[in-house]
Amino acid sequence: QLVPLACTHFLIMVCTMTVFMAAIVSLAHAGDRSGTRLQRQPLSGSAYWHLPARCMAGDVNALFQFRGVRHLMQQWGPNAVTCVGHAVSTDLLHWTRLPDALTPGTSGQGCFDGSVTILQRKGVPTPVMMSDGGCGLANASGGNLPCMEFYGDGLTGGVIAFPENLSDPHLSAWTKEPLIFHGCNGSGGPSPIWQNGDAYELIAIHNEGEARFVATDESLLQWRMVDPNFIAVRGGGGGLWHELPQNVPGISGPRWPTHIFQSNAMFGDGVSAFVMGIYDKQTERFMNVSDARLVDVGTTVRYGELSAASVGDNVGHDPRTLHVSWLTGVQPKDAKDCDTGGLLTSFRELQFDPRLPPSGALVELPIAEYELLRGSLLFNVSGEKLDREASSLVMGTAGIAMDTELEVSPIASASWACEIGVRCESRAACNRGARLTLTRSDSSEHGQTVAMSVQTPTEAQRTSFTLLAHETALGLRIMLDVTSVELFVAGGRGVFSGALNGTGLLIANCSGSDLEISGLAWEMGSIFPSKSTARGMSVAARNLWI
């Protein structure tokens, strides 16, 4: 039983922080379509270090790296005239917005879900973009397009697009051509393409599941459905079919799955729930599919994307599996500016941990690059002892842009519980803030089961995860921006992202045997260059300043 928040024996006063400007890495402009740097905080005031989504939509269509440059494709604009926006970066922090990669023109047929694959074409690694919807090529094949359409009218079809100039580091211009998918009705959301021998294959939403298609030739313009029941449940569309990510660093356990897939299953459309399974290239089956599990339990985390795999000599390719989603919970009600259509989540690295029961699990943590935005130290608590029965600790102010790492130890006792209050209005109340509660609920041969619950003013979520038998400390990372909170517990085994406004206290309130808390908190710098620089810029960020 947790004691009231007013019961405290340790108080650290932290002054109101000034958000500073951190690292900026510039891109060399190429051609006459160099784009515009995202140079200001969104007009909604919703972010300092989150990338803004685009107005009216936020589905992420593609995330890939080509010759050292990151590319992010994202739907934006009102439905029926949706475009695919394009931004580039060299560090995953600072982005330059380019002209749209795909536009519908005056057709009224939007560009919707899709993906990008890096394929060998004529012996050269080449990004290949796929999208459903007419995307400006409505009725291009004579009105007989039964598949890959958004409207179900036989006119919209889908498109494939290739960069016009591979020597342009921004891949600013794309040439699109109409697609024809044979043998199905109303499919959508083409996945990344893979090769099985000489065959090019992909999957796409079909009825309530996913069908497998094979290209009829190397042009990739026509596809034939060969398995209407490749996966029993449908996904959110696009690039969420992926080879199994790398193991958690330092862990070399068995990797029985070959692939993962974002599955709507019981959780709803576009959520961050994944299944794992074995794709057998001989039988062309996806087998031994696990139950779906959310990698982020926030209900407003939707329509994400995994980074594309690479082939050949794609210089500077990053082997990490990156994951980014649309954080819809901070969507402004009356956004008029296209920089204010909500936020994207932090970019995360998705990993596989083979130690977790029952047979391994996916975990995710923010990419290491965010540490470059850390500035002045806000507080440092080292081994602060808590009373045997119960006590609480007010660590400081949970401000508008903040990165915190905490550790609670030891947690080997038979009964323990911790509550972390974020942006609480006082030591006795946290109605406007977020409450994270972690409780030992059970034990097994693998270790102890931890029940995790999160309550904010807008939602309440629960999940659970396993702490292994040898683990005696519980780690927690709290990342705050102007209107959002992201929580990563136990190395990404429990994750929550959601809306959270204002400032307040950061409070730890634990009960158990001989518990102690350690922690550090830093200011988070802005990714928008127009924000003034504070004196507390970190050395790492200062070294990147241009």
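Cys418 and Cys510 are both buried, and they make a good way into this predicted model. Their sulfur atoms sit 2.1 Å apart, and the two residues form a disulfide. This pair links distant parts of the chain, with Cys418 in strand β28 and Cys510 in strand β35 (residues 504-511), 92 residues apart. The torsion about the S-S bond of Cys418 and Cys510 is about 110°, so this disulfide is right-handed.

**The disulfides**

How many disulfides does the count come to? It comes to three. A disulfide is a covalent bond between the sulfur atoms of two cysteines. Here are the pairs with their values:

| Pair | S to S distance | Torsion about S-S | Handedness |
|---|---|---|---|
| Cys111 and Cys135 | 2.1 Å | about 90° | right-handed |
| Cys418 and Cys510 | 2.1 Å | about 110° | right-handed |
| Cys424 and Cys430 | 2.0 Å | -75° | left-handed |

Now for Cys111 and Cys135, whose sulfur atoms are 2.1 Å apart in a disulfide. Cys111 lies in the loop between β6 (96-102) and β7 (114-121), while Cys135 lies in the loop between β8 (124-132) and β9 (158-163), so the pair ties together parts that are 24 residues apart in sequence. Is Cys111 buried or exposed, and what about Cys135? Both are buried.

Then there's the link that joins Cys424 to Cys430, at 2.0 Å from S to S. With -75° about its S-S bond, the link of Cys424 and Cys430 is left-handed. Cys424 is buried, and Cys430 is too.

**A cysteine to check: Cys83**

Which cysteine sulfur is closest to the sulfur of Cys83? That would be the one in Cys111, 6.1 Å away. A disulfide needs the two sulfur atoms within 2.5 Å, and the 6.1 Å between Cys83 and Cys111 is too far for a bond. As for its surroundings, Cys83 has a relative accessible area of 12%, so it counts as buried.

**Backbone oddities**

Most residues other than glycine have a negative phi, and most peptide bonds are trans. A few spots in this model go the other way, and they're worth a look if you're checking torsions.

Let's take phi to begin with. Tyr303 is not a glycine, yet its phi is positive at about 50°. Where does Tyr303 lie? It lies in strand β20, which covers residues 301-306. Its relative accessibility is 23%, so Tyr303 counts as partly exposed.

Arg423 also has a positive phi, near 60°, and is a residue other than glycine. This arginine lies in strand β28, the strand that holds Cys418 as well. Is Arg423 buried or exposed? At 1% relative accessibility, Arg423 counts as buried.

On to the peptide bonds. The one from Pro357 to Pro358 is cis, with omega near 0°. Pro358 has its place in the loop between β23 (348-353) and β24 (361-366). The bond from Ser409 to Pro410 is cis too, with omega near -15°. For Pro410, the place is the loop between β27 (402-409) and β28 (417-424).

**Around β28**

Strand β28 keeps turning up, so here it is in one place. The loop between β27 (402-409) and β28 (417-424) holds Pro410. In β28 itself you'll find Cys418, one end of the link to Cys510 in β35. Arg423 lies in β28 too, and its phi is the positive one near 60°.

Terms used: Residues are numbered from 1 along each chain as its sequence is written. This is a predicted model: local features need pLDDT of at least 70, side-chain atom pairs count only at pLDDT 80 or more; totals for chains, interfaces and linings use all residues. Side-chain values use heavy atoms; hydrogens and water are left out. Helices (H or I, at least four residues) and strands (E, at least two) are DSSP runs, numbered from the N terminus. Buried means under 20% relative accessible area, exposed over 50%, partly exposed in between (1.4 Å probe, protein chains only).
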